[in-house]
Amino acid sequence: MLFLLTVLAGIALFALMFAAIWYLTCHLIALGGWTRLARRYADACDGALWPPSLRLCFVGRARYRNLVRLVVRHDGLCLCVHPAFRPGHPSLFVPRAHVQE
């Protein structure tokens, strides 16, 4: 019985540590540029924002491969990161007036 409790406690500790490391890693990735954009363009985008539409997206120093969904709307662009990588990555809405060629 003690062995079973030890194994279950080890599994619970591993799951907790994995979740904490994943959360911190997502926030560190966001510091590559997404955080700067979010200060100005953070917004909840409506509509179904998955599956990804951009094969490769660079934001600052961070590279997002098959993780970003881009939705073009009449009033601007909406960007959203895969839900598993959402910590530190709020949805972005860039108004059409701020988009350049």
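Here are some questions and answers about the cysteines, the core and helix 2 of this predicted model.

Reader: How many disulfides does the count come to?

Author: Two cysteine sulfurs have to lie within 2.5 Å to count as a disulfide. The sulfur of Cys57 is 12 Å from the closest one, in Cys80, so that's too far for a bond. Cys80 doesn't help either, because its sulfur is 6.6 Å from the closest cysteine sulfur, in Cys78. The count comes to zero.

Reader: Is Cys80 buried or exposed?

Author: Buried means under 20% relative accessible area. Cys80 has just 3%, so this cysteine is buried.

Reader: Which element gives the largest share of the largest nonpolar core?

Author: That core has 14 residues, and Trp34, Cys57, Val59, Tyr64, Val68, Leu79 and Leu92 have the most contacts inside it. Two or more residues come from each of helix 2 (34-41), strand 1 (54-59), strand 2 (62-73), strand 3 (76-81) and strand 4 (92-95). The largest share is four residues, and it comes from strand 2.

Reader: Where do the buried residues of helix 2 fall, seen down its axis?

Author: The residues in question are Trp34, Ala38 and Tyr41. Looking down the axis, you'd find them on one face of the helix, because they fall within an arc of 90 degrees.

Reader: Which residues are exposed on the other side of helix 2?

Author: Start with the buried residues of helix 2, which pack against helix 1 (2-30), strand 1, strand 2, strand 3 and strand 4. Over on the other side, the exposed ones are Arg36, Arg39 and Arg40.

Definitions and conventions
Residues are numbered from 1 along each chain as its sequence is written. This is a predicted model: local features need pLDDT of at least 70, side-chain atom pairs count only at pLDDT 80 or more; totals for chains, interfaces and linings use all residues. Side-chain values use heavy atoms; hydrogens and water are left out. Buried means under 20% relative accessible area, exposed over 50%, partly exposed in between (1.4 Å probe, protein chains only). A nonpolar core is a set of buried Ala, Val, Leu, Ile, Met, Phe, Trp, Tyr and Cys residues joined through side-chain atoms within 4.5 Å. The arc is that of the directions from the helix axis to the C-beta atoms. Contact means heavy atoms within 4.5 Å.
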